[in-house]
Amino acid sequence: MTSRAGPGPDGPDRPDRPEAAPGPGDGRELEDDPEDLYENTPCGQLSTLPDGRIVRVNATLLDWLGYRSEELVGRRTFSDLLTVGGRIYHETHLAPLLRMQGHIGGIALEMKAADGSRLPVMVASTVRDGSEGRPPLVRTSVFEARDRRAYETELLRARREAERERERVQQLATTLQRSLLPPALPGIPGAELAAHYHTASADEVGGDFYDLFPVSGGRWGLFLGDVSGKGAEAAAVTSLARYSLRAASASDPDPVRVLANLNTVLEHENHGADPRFCTVVHGLLTPGEHGCGLVLASGGHPPALLMRADGTAEYLHTPGGQLVGVLPNAHFTATTVRLVPGDTLLLYTDGLTEARTDRTGRRGKRYGEEALLDFAAGLAPTSAAGAVAAVGALLEDLGEGVDDDTAVLALGVPASRKDPDDPDGP
């Protein structure tokens, strides 16, 4: 039987044996000594007076910087341990902010070690008010940030490399795009020509194309088209389409037969999982003394826009023309038009009519053929250069609403030429 002492003055009975010593596993043997915790904590610690003089610094920070305590305490200030840029930033920004707020945190600095090397750190400081006549202290925690700085440096390097790579891609795309377009339009007596290519993305090659070239009998072949998709595969089809159209026109410039030849070429190539097709409008231009005759055939392409010298505008439809490269025996149709002095014909790809009106900052409805016709009516009569310049400005005004490349080709007869049906001239 265990004896018990009687009730004490401060409470109930308790055993008269001493309290048991800490045993293994109860956690009390893991308690840290506060002094050891301060000296060897994983972050640096130092305390300074309001004037910056160091009054205490822990072993962790001394080890990082390669100093002894007596070299710093009472002899140096916190700003003495910073690089020149850090010292200026501390004196002009951090110290005033600390006096105003009483604390700062998450500040990136570089400390200068005894051997002259630099140590990237993050610091947080708090002002502790003095008591019993003692001055206030500034307690600063210092977190070693070499790994973070290395990560930031690597991130910056990767970002710059990505920017350089994007510039290389853009340069390649621009060079490839230019190779798919004529460097300049030829001069045709009695006709005026203008063209424009609007790039929706600097990173990708579009499939829009156009060209104008001489054929037999003093006539000229012209075409404008749009290959489905973007990128290298679309560029390859574009190159094939341009070559095929030119080659077919050399042997037989009839626009319907030229499109039929192109359809055979593309349909023969379409054996992969991602077949390519295109829309094309092809024309045969015959310049004359008092205007130009034009035979125009379309393969699934938006209708040409005719702006007359009398100020009217209308679409020149070629109904029934099918997409090029989809069906083995696609059907194509042609129409004939005569351009007199002051008339201008505009060919374009669907990047223009399928653009979204984005002037309000929201994705709006599609621009559409009706709006384009109203726009053209407001221009007529106009020259080829004037029409292309106006359409280029319209594309810029639509801004981000234009999400597909757009090619524009205009053909006009100068208004200064005299029409034989009008004895008084134009």
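The expected span of a helix is 1.5 Å times one less than its number of residues. In this predicted model, that rule can be applied to helix α7, which comprises residues 255–269. Its 15 residues should span 21 Å, and the end C-alpha atoms are 21 Å apart, so expectation and model agree.

Helix α7 also has two distinct faces to consider. Its buried residues are Pro 255, Val 258, Leu 259, Leu 262, Asn 263 and Leu 266. Because these residues cover an arc of only 140° around the axis, they lie on the same side of α7. That buried side packs against α6 (231–251), β9 (278–288) and β10 (291–299). On the face turned away from the buried side, α7 carries the exposed residues Arg 257 and His 268.

Helix α8, residues 368–379, can be examined by the same steps. Its 12 residues should span 16 Å at 1.5 Å a residue, and its end C-alpha atoms are 17 Å apart, which agrees. Gly 368, Leu 372 and Ala 376 are buried in α8. These residues cover an arc of only 115° around the axis, and therefore they sit on the same side of the helix. The cover over them includes β11 (304–307), β12 (313–316) and β14 (344–348). Exposed residues Glu 370, Asp 374 and Gly 378 occupy the face of α8 turned away from its buried side.

These two helices belong to a protein whose secondary structure comes to 9 helices and 15 strands. Of its 426 residues, 40% are buried. Among contacts between residues at least 6 apart in sequence, 61% join residues at least 24 apart. The protein exposes about 23,200 Å², of which carbon and sulfur atoms supply 52%.

The interior may be considered next. In soluble globular proteins, nonpolar side chains tend to be buried together. The largest nonpolar core here has 26 residues, and those touching the most other members are Leu 285, Leu 294, Leu 296, Leu 345, Leu 347 and Leu 411. Leaving aside neighbours within four places in sequence, Leu 411 is in contact with residues including Ala 191, Leu 193, Leu 222, Leu 285, Leu 294, Leu 339 and Leu 345. Asp 343 is also among the contacts of Leu 411.

Asp 343 leads to the charged pairs. Its side chain meets that of Arg 308 in a salt bridge, at 2.7 Å from N to O. Asp 343 lies in the loop between β13 (333–339) and β14, and Arg 308 in the loop between β11 and β12, so the pair ties together parts that are 35 residues apart in sequence. The partners differ in burial: Asp 343 is buried, with a relative accessible area of 1%, whereas Arg 308 is partly exposed at 22%.

The count of salt bridges comes to 13. One of them joins Arg 53 to Asp 51, with the closest N and O atoms 2.9 Å apart. Arg 53 is partly exposed at 40% relative accessible area, and Asp 51 is likewise partly exposed at 49%. Arg 76 and Asp 80 meet in another salt bridge, at 3.9 Å from N to O. Arg 76 has a relative accessible area of 25% and counts as partly exposed, as does Asp 80 at 26%. Finally, Glu 35, Glu 39 and Arg 56 are linked in a network of salt bridges.

Key: Residues numbered from 1 in each chain as written. Predicted model: local features only at pLDDT ≥ 70, side-chain atom pairs only at ≥ 80, totals over all residues. Heavy atoms only, no water. Helix = DSSP H or I, 4+ residues; strand = E, 2+ residues; numbered from the N terminus. Buried < 20%, exposed > 50% of the residue type's maximum accessible area, 1.4 Å probe, protein only. Arc of directions from axis to C-beta. Contact = heavy atoms within 4.5 Å. Core = buried A, V, L, I, M, F, W, Y, C linked by side-chain atoms within 4.5 Å. Areas by Shrake-Rupley, 256 points an atom, 1.4 Å probe, with all protein chains shown as cover. Salt bridge = Lys/Arg side-chain N within 4 Å of Asp/Glu carboxyl O.
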